[in-house]
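This briefing walks through a few parts of the structure shown below, grouped by topic. Please keep the sequence and the coordinates in view while reading.

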Amino acid sequence: MSFFRLFTIFFALIAGFQPALASRVADTDLSSRIAALGVGGFDDLEKAIANLAASGDDRVPAILDRLGNGELTVRKADGLVFFADKVGTDFRLTDPVTGVDAGLAPKATVEKVKVNNRIRRAIASAVGALTLMSPDPAVRRTAAEAVMKSADVTALPVLERAIAAETVADVRAAMVAARATALLASDAPEADKVTAIAAIADIGSRDALGFLSGYTSTDGAVGDAARKAVAAIESRLMLWDIGQNLWYGLSLGSVLLLAAIGLAITFGVMGVINMAHGEMVMLGAYATFTVQETIRTSWPQLFDYSLLIALPVAFLTAALAGILIERLVIRWLYGRPLETLLATWGVSLILQQAVRSLYGANNREVGNPSWMSGSFALGEIQITWTRLWIILFALAVFLALIALLKRTRLGLEMRAVTQNRQMAAAVGIRTPLVDALIFGLGSGVAGLAGVALSQIDNVSPNLGRGYIIDSFMVVVFGGVGNLWGTLVGALTLGVANKMLEPYAGAVLGKIILLLAIILFIQKRPRGLFALKGRAVEA
Amino acid sequence: MSQIFDRRRMTLAAVLGALLASTMAGYAADDTIKVGVLHSLSGTMAISETTLKDTVLYLIDEQNKKGGVLGKKLEAVVVDPASNWPLFAEKARELISQDKVSVVFGCWTSVSRKSVLPVFKELNSILFYPVQYEGEESERNVFYTGAAPNQQAIPAVDYLMKEEGVQRWVLAGTDYVYPRTTNKILEAYLKAKGVSADDIMINYTPFGHSDWQSIVADIKKFGSAGKKTAVVSTINGDANVPFYKELGNQGIKAEDIPVVAFSVGEEELAGIDTKPLVGHLAAWNYFESIDSEANAAFIDGWHKFIKNDKRTTNDPMEATYIGFNAWVKAVEAAGTTNTDTVIDTLVGTTVPNLSGGYATIMPNHHITKPVLIGEIQDNGQFDIVSRTAPVVGDEWSDYLEGSKDLIADWRKPLSCGNFNVVTGKCGGGS
Amino acid sequence: MSFTCPPTNSPFAASISLVDLVWGYCGILSLGHGAFFALGGYAMGMYLMRQIGTRGVYADPVLPDFMVFLNWKELPWFWQGFDMAWYAFLMVVLVPGVIAFLFGWLSFRSRVTGVYLSIITQALTYALLLAFFRNDMGFGGNNGLTDFKDILGFPIQAPGTRAVLFAASALMLALGFVVASAVVRSKLGKVLVAIRDAESRTGFIGYRVEHYKLFVWTLSAVMAGIAGALYVPQVGIINPSEFDPAASIEAVIWVAVGGRGTLIGPLIGAVAVNFGKTWFTGVLPEVWLYALGTLFVVVTLFLPRGIVGLWGRVVTRRAAPAKEVDGSGRQAGEAA
């Protein structure tokens with residue numbers, strides 16, 4: 001055993017020093033290794049990548065990067081591999097080693113070197129091993145993570161050297177973790193492997209769990225250690241899971257809040273049933289799409305601000321549509337909520353078809369700006385930026401509305417008209433104007449919801465339909481005429497839904513909730529936060 | 001007529017009736033062959049089906065430029081069944097008995113096909129059905145030019161096993177018949193390949209499901225068991241966009257957990273930013289990115305016809321193309337549009353497909369198709385990474401308990417859509 | 001004329017005359033009557049499925065086709081008994097009836113009225129829609145029940161059977177008409193109108209408002225169930241989309257177009273709207289939704305009494321103010 005160990009160390013030394021001695025190989029050698037990329041299927045390609053990486057040449061990572069992006073092509077005439085940049089319908093070929101321009105080639109004379117997921121993984125691992133010594137700590141960290149994912153045994157010697165030289169603490173930790181996974185995969189002695197397991201167990205993340213689960217069926221000390229570590233991580237993650245579900249619930253709740261809060265104003269405060277409310281949300285989403293399209297074609301550098309620009313546009317579009325609907329249709333129907341329901345249903349059909357005629361029936365792409373893409377981990381809870389922003393946005397809209405209703409002149413007039421129309425008119429409030437403004441406000445808020453929903457859902461003519469029933473449930477459950485009720489209602493329903501989902505499944509969970517709401521309404525016909533003794537128009 | 005008209009002048013109905021009568025009078029020409037188009041132009045399915053209506057119109061237009069069929073021009077009769085299943089049956093009846101169409105191209109969902117079946121049988125007409133479906137059917141009056149499960153699902157799983165070394169499987173689908181059947185078949189197939197039940201997770205979601213947070217997290221959790229995991233997605237239509245958005249946001253990369261989809265094509269990707277999705281897969285029998293002369297000509301003509309060179313093409317369009325050309329060829333060969341003759345002639349008809357090969361209509365009324373696996377690219381197109389030889393559509397799956405003994409062969413003398421090879425009987429139905 | 005309103009809509013028409021009974025006469029706007037219609041339809045569909053017997057594609061004597069290929073081993077308990085016509089027909093009446101009774105009993109007792117009631121009826125049909133879409137429920141999921149062969153021993157596609165079914169629908173329609181007009185003319189009908197116009201006052205006078213409402217509500221649900229049962233063999237398919245809230249809302253608009261608070265109105269409305277639909281979807285498919293949407297708006301704004309009201313106005317030359325005919329004015333105040 002000790003001989004074997006010595007041997008590995010010796011081998012590691014040689015292998016490890018090789019790239020340090022010669023960070024460049026001869027151009028012809030590199031060229032021939034690159035030429036091998038263009039021959040055969042994915043199996044051959046994978047071998048060729050390993051061979052190319054083994055050269056240790058510092059030009060290799062860039063070449064592999066371009067391979068991963070699908071920018072390497074084979075010239076059919078002589079089988080040589082080039083960098084290819086698209087120029088119109090042709091490709092400009094460049095020699096990957098010398099950088100010499102090899103001229104324009106028509107599409108038919110070249111063939112792209114195809115990559116699939118397996119090749120992409122091989123590339124990531126090879127590039128990782130080659131960039132472990134990069135001067136940039138961020139690159140080193142990504143490299144360590146790539147090596148960890150691939151558990152690449154051949155990267156061990158490089159890792160050892162990289163760890164020895166590493167000064168940044170968290171990059172070093174990532175490298176140690178990568179070494180542990182590689183060690184586990186190698187034929188290192190059992191004791192080392194047990195230590196490696198302990199090192200991985202310390203990370204305690206879901207990824208770590210994934211690695212260790214692979215070894216639970218191993219016999220002996222390694223298996224025992226792995227089983228113990230897996231059990232420990234699992235019990236730790238269980239608590240985090242509850243937190244995660246709570247987060248999902250809050251996030252769903254915030255979406256419901258956004259969709260319902262405009263309705264809470266028009267239905268709750270004004271007593272108008274607006275079945276076209278969902279279409280206001282849809283208009284907001286399409287406004288976002290239009291804004292993004294304009295930005296894409298005219299000012300692409302502003303793309304990251306597109307949502308911010310879309311907010312006022314969406315608000316105004318929907319608000320304007322709302323005011324039009326109020327003036328043309330709803331104002332003739334005050335005090336007749338059931339007729340309003342039918343008329344606005346008709347309006348919703350017209351709006352859907354109008355959008356279909358204008359934008360087509362297909363889904364439209366609304367992109368995520370960079371600050372809304374991706375996710376970060378809070379402990380073991382994955383938090384996606386989109387959802388976080390939507391929660392914050394929903395709360396901001398909510399607070400702004402409360403402030404508007406409670407603190408402004410307009411809000412005062414709105415409440416006055418809501419509570420006693422005749423009296424309000426008698427003290428000089430122009431009730432028709434206020435009616436139109438409230439309806440515009442409710443619709444505008446729905447438009448804002450559309451901006452948020454465009455980030456997580458389809459932007460299609462049917463967008464609104466999907467939310468209308470849920471929105472009504474939220475408002476009715478929370479208590480009509482009370483924005484706080486809507487807040488509590490939305491969050492309760494969101495969390496309850498997500499807590500039920502792991503047990504009952506998505507559909508059954510929703511059915512249970514709907515039935516629960518129906519029963520709840522029987523018990524409290526005025527919702528969770530019923531306003532008591534409120535003056536109502538008789 | 002005029003009496004009725006006078007008496008009910010005030011009513012809307014009569015006015016409509018009169019308008020109608022005047023339009024009906026236009027239909028008298030006998031020098032055309034009528035082709036029915038039965039795709040929803042409104043309602044939930046309009047999003048997918050409108051494109052197919054345009055495809056049929058495009059194909060008819062092209063055919064008429066070549067001089068039509070049997071020396072007569074083709075004339076499209078377009079109706080809108082409005083995504084309403086009973087209305088499908090009603091419109092089919094209208095097309096066949098009133099407009100006297102010779103053939104119908106239509107339907108997307110299985111339920112719409114099931115709804116019109118009795119009408120086509122009763123009135124003896126021909127339906128070309130251009131969408132991938134769950135199989136478990138073979139009718140004399142229907143030609144299935146979309147994929148059966150063995151022409152999509154099984155080769156895709158084989159690819160993942162071989163190329164990606166996948167050992168753990170998530171079968172995620174929308175809760176309706178196509179995903180249910182496909183997943184049943186795949187489950188049996190995977191188990192036959194030695195995958196244990198613990199390594200298969202099955203999940204169903206409703207139509208239009210939009211909150212994928214929990215399910216994507218579950219997939220992630222399931223994938224962290226030390227074995228290479230892949231998702232086989234039969235998620236339908238609208239639910240895909242939020243699903244892929246959530247995948248992208250939760251950072252599930254194709255290199256970690258690849259997703260192979262059977263219902264996601266170029267059209268669905270048009271609504272998503274595909275940059276985070278590069279490397280996820282789809283299995284179809286056609287991709288817009290296919291490099292063939294036939295495809296280039298088809299796309300070019302399509303763009304000219306629709307007057308928009310950004311419109312994508314997709315698999316059901318190719319299936320419509322194959323079905324249409326097969327029908328034209330069979331009618332030319334038979335020299336008549338008579339339903340029975342054309343049905344008999346269609347079996348064995350071979351026409352070029354768009355991927356540079358040929359499609360043959362088999363005796364079970366399904367066709368031969370190559371299976372292509374594509375990886376999503378950042379431009380919303382697919383890069384083809386695998387391609388099989390043409391596969392014959394298997395209407396009765398060998399992996400399902402109830403149907404493994406059944407075969408269909410509409411040639412004489414068998415002429416049966418569900419012949420049981422064990423009992424030797426044609427089992428009812430027709 | 002070769003272009004007629006499809007006969008299959010007559011059961012629909014029948015059921016909506018009952019929607020009118022609860023809405024036009026009792027002031028309860030149900031946005032979920034489609035649910036009762038569909039439940040009756042499913043009960044009938046289950047009977048027809050069991051009648052297929054070994055003629056299904058898998059030739060299984062007991063299990064319907066969709067159960068065979070989804071690997072169900074035995075018939076679920078709730079499918080038992082549907083091979084017997086009397087049991088199935090009983091269920092057509094009982095299932096919608098009992099569900100409506102329970103729902104109504106809970107709602108009317110706790111005085112859920114007006115828009116609240118409309119919204120929870122919508123929630124009810126939406127919940128049922130989701131439930132019936134689930135394949136695990138054992139109702140065939142999205143594809144529903146289809147491929148029927150015969151009814152009471154007669155082949156379902158035969159012209160004779162179709163004629164009989166059509167006649168049965170017409171009979172049912174007439175029966176519904178008779179029942180409804182009997183209800184309307186009776187003392188009960190007067191109480192219903194009183195409830196519609198002033199619910200609290202009617203209660204103060206001493207009528208048990210909730211009992212009257214519950215009776216009419218359940219009656220209309222049962223009739224809707226029967227209509228659904230007649231509808232299914234004629235169209236040859238029942239699927240969860242009948243539970244779609246949009247379908248229920250559309251039925252309400254037929255009543256509104258025809259003229260609510262009258263018994264003939266809903267019939268005229270159903271015929272007119274369906275006629276328009278068939279025509280538009282055939283000739284100008286893109287325009288159909290615009291036309292339907294505009295119809296909703298125009299009728300509620302300008303024709304509060306529908307076509308019947310318009311006719312009445314033309315005949316008497318006396319325009320009735322909209323307020324008078326408003327059936328739901330009372331709830332408006334309570335909901336605001």
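In β3(B), F105(B) is the bridge partner of V37(B), a contact that belongs to the pairing of strand β1 (residues 32-38) of chain B with β3(B), where the two strands run parallel and are joined by 4 bridges. The model is a predicted one, with local features requiring pLDDT of at least 70 and side-chain atom pairs counted only at pLDDT 80 or more.

**Strand β3 of chain B and its surroundings**

- Besides β1(B), strand β3(B) pairs with strand β4 (residues 127-129) of chain B, again in the parallel sense, and this pairing has 2 bridges.
- Within that pairing, V104(B) stands opposite L127(B) in β4(B).
- The connection between the two strands involves helix α5 (residues 110-123) of chain B, and β3(B), this helix and β4(B) together make a right-handed β-α-β unit.
- In a regular strand the side chains alternate between the two faces of the sheet.
- In strand β3 (residues 103-106) of chain B, V103(B) and F105(B) point one way while V104(B) and G106(B) point the other way, and all of them are buried.

**An open sheet in chain B**

- In chain B, 3 strands form an open sheet whose order is β17-β18-β19, and the pairing is antiparallel.
- The edges are taken by β17 (406-409) and β19 (425-426) of chain B, each of which has a single partner strand, so one side of each is left without a neighbour in the sheet.
- Strand β18 (residues 416-420) of chain B is joined to β19(B) by 2 bridges, with the strands running antiparallel, and N420(B) has K425(B) in β19(B) as its bridge partner.

**Salt bridges within a chain**

- Over all chains, the count of salt bridges comes to 57.
- In chain A, the side chains of D29(A) and R33(A) meet in a salt bridge at 3.1 Å, N to O; because these two residues are 4 residues apart in helix α2 (residues 27-35) of chain A, they are separated by about one helical turn.
- The partners of this pair fall into two burial classes, since D29(A), at 27% relative accessibility, counts as partly exposed, whereas R33(A), at 16%, counts as buried.
- In chain B, D199(B) and K227(B) form a salt bridge through their side chains at 2.9 Å, N to O.
- D199(B) lies in the loop between α7 (177-192) and β7 of chain B, and K227(B) lies in the loop between α8 and β8 (229-234) of chain B, so the pair ties together parts that are 28 residues apart in sequence.
- D199(B) is buried, with a relative accessible area of 7%, while K227(B), at 33% relative accessibility, counts as partly exposed.

**Salt bridges between chains**

- A salt bridge of 3.7 Å, N to O, is formed by the side chains of D211(B) and R387(A).
- D211(B) is placed in the loop between β7 (200-205) and α8 (213-223) of chain B, and R387(A) in helix α15 (residues 385-407) of chain A, so the pair joins two chains.
- Each partner is buried: D211(B) has a relative accessible area of 8%, and R387(A) has a relative accessibility of 3%.
- A network of salt bridges links D43(A), E46(A) and R118(A) with K162(B) and E163(B).

**The loop between α7 and β7 of chain B**

- S196(B) is found in the loop between α7 and β7 of chain B, and with a relative accessible area of 33% this residue is partly exposed.
- Although S196(B) and Q167(B) are 29 residues apart in sequence, their C-alpha atoms are 9.3 Å apart in space.

**A nonpolar surface patch on chain C**

- M84(C), W86(C), L90(C), L94(C), V98(C), F101(C), L102(C) and W105(C) make a nonpolar surface patch of about 780 Å².
- F101(C), one of the residues in this patch, lies in helix α4 (residues 85-109) of chain C and counts as partly exposed at 39% relative accessibility.

**Domains of chain A**

- Chain A is divided into domain 1, covering 2-131, and domain 2, covering 241-523.
- The C-alpha centres of these two domains of chain A lie 52 Å apart.

How values were computed
Residues numbered from 1 in each chain as written. Chains lettered and ligands numbered in written order. Heavy atoms only, no water. Patch = residues over 30% accessible without salt bridge, like charges linked within 9 Å, V, L, I, M, F, W, Y side chains within 5 Å. Areas by Shrake-Rupley, 256 points an atom, 1.4 Å probe, with all protein chains shown as cover. Salt bridge = Lys/Arg side-chain N within 4 Å of Asp/Glu carboxyl O. Buried < 20%, exposed > 50% of the residue type's maximum accessible area, 1.4 Å probe, protein only. Domains from an automatic or database assignment. Pairing = 2+ DSSP bridges. Right-handed = clockwise from strand over helix to strand, strands pointing away.
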